[in-house]
Amino acid sequence: MLTDISALGTILGIWAHPDDEAYLSGGLMALARDAGARVVCVTATRGEHGTADPDRWPPSRLAERRTIELTDCLHLLGVTEHHWLGYEDGRCAEASPTVAIAELCDLIDLIRPDTVISFGPDGNTGHPDHQAVARWTAAAVDKAAPVGTRLLQASVTDEWADRWRTVNDRFQVFLPGYPITQPEHTLTLHLTLDQPTVDRKLRALAAQATQTEALIAEMGPATYTEWIADETFTEATPDSTSHPCPRCWWNIDEARWNCS
């Protein structure tokens with residue numbers, strides 16, 4: 001299992017909504033930045049529909065607020081490079097995968113990451129936006145990343161899911177049928193954050209108050225801090241033979257490459 005964060009080199013994180021990056025990789029990003037590594041974050045949507053109170057938070061207002069919150073969050077983690085893709089919250093699965101993959105290929109060409117981090121195919125919580133971003137990312141890494149680039153996908157371990165089952169069920173963290181868990185021995189990276197790092201992650205998540213304020217208050221800061229203290233990833237190995245020419249496109253319905 002990987003233990004040296006510096007071995008990840010330049011890290012490119014690709015996520016669906018503001019707060020995905022902090023929940024799944026906030027500690028990793030902070031530790032990498034502290035070690036002097038370059039970290040770049042990409043967010044597909046501004047999360048404009050992510051509220052249970054749309055009267056208070058209509059989409060335009062919430063998008064503006066979440067944009068500011070993400071900037072504050074990344075600042076606390078030491079991340080200074082960020083890109084928006086501009087997709088509509090909740091509709092990533094309906095977007096053209098050809099266009100999205102091409103956008104990510106352009107970013108990969110620009111950034112030249114050593115490691116890409118994102119969701120696994122399950123999307124972690126089962127959210128369709130997460131799953132779409134996972135597909136785009138895997139395809140773009142397969143198509144455009146330098147030889148040797150690692151793709152680390154956020155995972156949920158059996159142990160974590162068992163430990164936090166009551167909390168996850170109470171707050172409906174996962175969609176029905178999720179999480180899809182993995183045994184510890186399949187992981188490539190397992191971070192259990194030390195107290196200063198998890199406290200920093202807590203502050204970063206608290207900066208995204210439209211999404212986390214009520215949850216932190218209801219769960220309690222101590223329990224919430226324990227709940228976010230582990231970050232786990234497995235390494236994907238995209239098959240470079242899955243797209244035989246540069247004119248291939250990803251068929252989202254068939255979950256395979258087609259050649260145009």
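So, how many bridges pair β1 with strand β2, and in which sense? Hold that thought for a second, and keep in mind that what we're looking at is a predicted model.

Okay, the answer: β1 and β2, which covers residues 39–45, pair in the parallel sense, over five bridges. If you want a spot to find on screen, go to I11, whose bridge partner in β2 is V39. To get from β1 to β2 the chain goes through α1, and that β-α-β crossover is right-handed.

β1 has another partner too. Strand β4, residues 115–119, also pairs with β1 in the parallel sense, this time over three bridges. Here the residue to click on is L12, with V116 as its bridge partner in β4.

Now, is β1 itself mostly covered or mostly open? Mostly covered: the strand runs through residues 11–15, and five of its five residues are buried. That goes for both faces, with I11, G13 and W15 buried on one side, and L12 and I14 buried on the other.

Let's move to the helices. α1, residues 20–34, packs against α2, residues 59–77, at an angle of about 35°, and their axes are 8 Å apart. Who's touching whom? On the α1 side we've got E21, A22, G26, M29, A30 and R33, and they meet L70, C73, L74 and L77 of α2. Sort the residues of that contact by type and you get seven nonpolar, one polar and two charged.

So α1 turns up twice in this story: in the crossover from β1 to β2, and again in the packing with α2. That's my bit, thanks!

Key: Residues are numbered from 1 along each chain as its sequence is written. This is a predicted model: local features need pLDDT of at least 70, side-chain atom pairs count only at pLDDT 80 or more; totals for chains, interfaces and linings use all residues. Side-chain values use heavy atoms; hydrogens and water are left out. Axes are lines fitted to C-alpha atoms, for helices over the stretch in contact, and angles run from 0 to 180 degrees between N-to-C directions. Helices (H or I, at least four residues) and strands (E, at least two) are DSSP runs, numbered from the N terminus. Contact means heavy atoms within 4.5 Å. Ala, Val, Leu, Ile, Met, Phe, Trp, Tyr, Cys and Pro count as nonpolar, Asp, Glu, Lys and Arg as charged, and the others, Gly among them, as polar. Buried means under 20% relative accessible area, exposed over 50%, partly exposed in between (1.4 Å probe, protein chains only). Two strands pair if DSSP finds at least two bridges between them. A crossover is right-handed if, with the strands pointing away from the viewer, the path from the first strand over the helix to the second runs clockwise.
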